[in-house]
Amino acid sequence: MSHAVLDLVQQVMSSPWLYVALFALAVLDGFFPVVPAETSVITAAVFAASGETNLALVIVVAALGAFAGDHVSYLIGNKSAGRLRGRKAFVWARDALAERGGLVLVVARYIPGGRTATTLTMGAVRHPLRSFTFFDAIAAVSWALYSGLIGFFGGMAFENDPIKGLLLGLGIALSVTAVVEVVRWARKRRAIQPSPERLPADTSV
């Protein structure tokens with residue numbers, strides 16, 4: 001069974017339509033985050049280690065797709081501002097945007113659900129398109145490089161067993177996401193804890 005699955009995946013990886021599919025998935029992931037764009041990029045990069053795919057092309061196509069998808073999400077947010085304002089994700093992204101500016105778009109790329117919430121919010125609050133495009137280019141390229149290199153080195157580590165390489169790549173990606181979430185949670189918790197200077201004075205006699 002595993003050999004049949006591997007053969008099927010290898011056939012898909014050797015198809016010239018692979019890059020069209022990667023681009024489409026990266027675009028859709030911009031405003032429909034359940035699409036497995038990152039997993040697809042990592043998988044294609046794993047097979048680049050054995051020559052089945054072209055790593056540089058995988059990264060370029062993924063970056064272009066992510067860039068285009070984010071701009072679609074920005075336009076959706078721009079047209080749907082009124083319906084988004086009360087949502088929790090919108091409030092988080094708006095506050096983060098006010099604190100960090102366009103740089104939050106790069107950070108949100110590695111937070112589950114953060115990418116879509118941020119791109120929609122930046123559109124909804126009418127963040128300057130030129131600034132959005134600049135930071136989104138950085139975010140899209142860094143994400144494509146990150147996903148592609150994780151997959152490629154996973155494939156290199158298990159050149160004769162791409163399934164293990166894929167599992168390693170996905171494991172690393174999940175670990176990085178988990179670390180980002182833990183750090184974000186710890187910082188948020190620290191921020192809401194009152195400092196000693198703000199604690200009420202002891203008025204007991």
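**Exercise 1. The nonpolar surface patch**

Task: Determine which residues make the nonpolar surface patch in this predicted model, and establish whether Val 72 is buried, partly exposed or exposed.

Solution.
1. The patch covers about 500 Å². Its members are Leu 28, Phe 31, Phe 32, Val 34, Val 72 and Ile 76.
2. Val 72 belongs to helix 4, which spans residues 55-79.
3. A residue is called buried under 20% relative accessible area and exposed over 50%, with partly exposed in between. Val 72 has a relative accessibility of 32%, and therefore counts as partly exposed.

**Exercise 2. The neighbour of Val 72 in the sequence**

Task: State how accessible Ser 73 is, and list the residues that Ser 73 touches beyond four places in sequence.

Solution.
1. Ser 73 is also placed in helix 4.
2. The relative accessible area of Ser 73 is 0%, so this residue is buried.
3. Leaving aside residues up to four places away in sequence, Ser 73 is in contact with Gly 30, Phe 31, Thr 116, Thr 119 and Leu 120.
4. Phe 31, one of these contacts, is also a member of the nonpolar patch.

**Exercise 3. The chain as a whole**

Task: Describe the secondary structure of the chain, its burial and its accessible surface.

Solution.
1. The chain contains 10 helices and 0 strands. Read from the N terminus, the order of elements is α-α-α-α-α-α-α-α-α-α.
2. The chain has 205 residues, of which 40% count as buried.
3. Its accessible surface amounts to about 11800 Å², and carbon and sulfur atoms contribute 67% of that area.
4. Among contacts with a separation of 6 or more, 79% join residues that are 24 or more positions apart.

**Exercise 4. The annotated spans**

Task: Identify the residues that UniProt lists under "transmembrane region", and describe the model over residues 17-35 and residues 55-77.

Solution.
1. The unreviewed UniProt entry lists residues 17-35, 55-77, 132-153 and 165-183 under this heading.
2. Over residues 17-35 the model is 63% helix and 0% strand, with 18 Å between the end C-alpha atoms.
3. Over residues 55-77 the model is 100% helix and 0% strand, and the end C-alpha atoms are 33 Å apart.
4. Helix 2 comprises residues 18-29. Its 12 residues reach 16 Å from the first C-alpha to the last, close to the 16 Å expected at 1.5 Å a residue.
5. The buried residues of helix 2 are Leu 18, Tyr 19, Leu 22, Ala 26, Val 27 and Asp 29.

**Exercise 5. Helix 8 and the residue Arg 126**

Task: Explain why helix 8 is described as largely enclosed, and state what is notable about the phi of Arg 126.

Solution.
1. Helix 8 runs over residues 114-124, and 11 of its 11 residues are buried; the helix is therefore largely enclosed by the rest of the structure.
2. Its buried residues include Arg 115, Thr 116, Thr 119 and Leu 120.
3. Arg 126 follows helix 8 and lies in the loop between helix 8 and helix 9 (129-157).
4. Most residues other than glycine have a negative phi. Arg 126 is not a glycine, yet its phi is positive, at about 60 degrees.

**Exercise 6. The salt-bridge network**

Task: Trace the salt bridges that involve Arg 115 and the one between Asp 136 and Arg 109, and name the residues linked in the network.

Solution.
1. Side chains of opposite charge can pair when their charged atoms come close.
2. Arg 115 forms a salt bridge with Asp 29, with 2.8 Å between the closest N and O atoms. This pair links distant parts of the chain, since Arg 115 is in helix 8 and Asp 29 in helix 2, 86 residues apart.
3. Arg 115 also meets Asp 70 in a salt bridge, at 2.6 Å from N to O. Asp 70 lies in helix 4 and Arg 115 in helix 8, so the pair ties together parts 45 residues apart in sequence.
4. Arg 115 is buried at 7% relative accessible area, and Asp 29 is buried at 12%. Asp 70 is likewise buried.
5. Asp 136 pairs with Arg 109, the closest N and O atoms being 3.5 Å apart. Asp 136 is in helix 9, whereas Arg 109 is in the loop between helix 7 (103-108) and helix 8, 27 residues apart.
6. Asp 136 is buried at 0% relative accessible area, and Arg 109 counts as buried at 7%.
7. The network of salt bridges links Asp 29, Asp 70, Arg 109, Arg 115 and Asp 136.

Terms used. Residues numbered from 1 in each chain as written. Predicted model: local features only at pLDDT ≥ 70, side-chain atom pairs only at ≥ 80, totals over all residues. Heavy atoms only, no water. Patch = residues over 30% accessible without salt bridge, like charges linked within 9 Å, V, L, I, M, F, W, Y side chains within 5 Å. Areas by Shrake-Rupley, 256 points an atom, 1.4 Å probe, with all protein chains shown as cover. Salt bridge = Lys/Arg side-chain N within 4 Å of Asp/Glu carboxyl O. Helix = DSSP H or I, 4+ residues; strand = E, 2+ residues; numbered from the N terminus. Buried < 20%, exposed > 50% of the residue type's maximum accessible area, 1.4 Å probe, protein only. UniProt positions renumbered as here; feature names shortened; annotations may be inferred. Contact = heavy atoms within 4.5 Å. Expected span 1.5 Å × (residues − 1).
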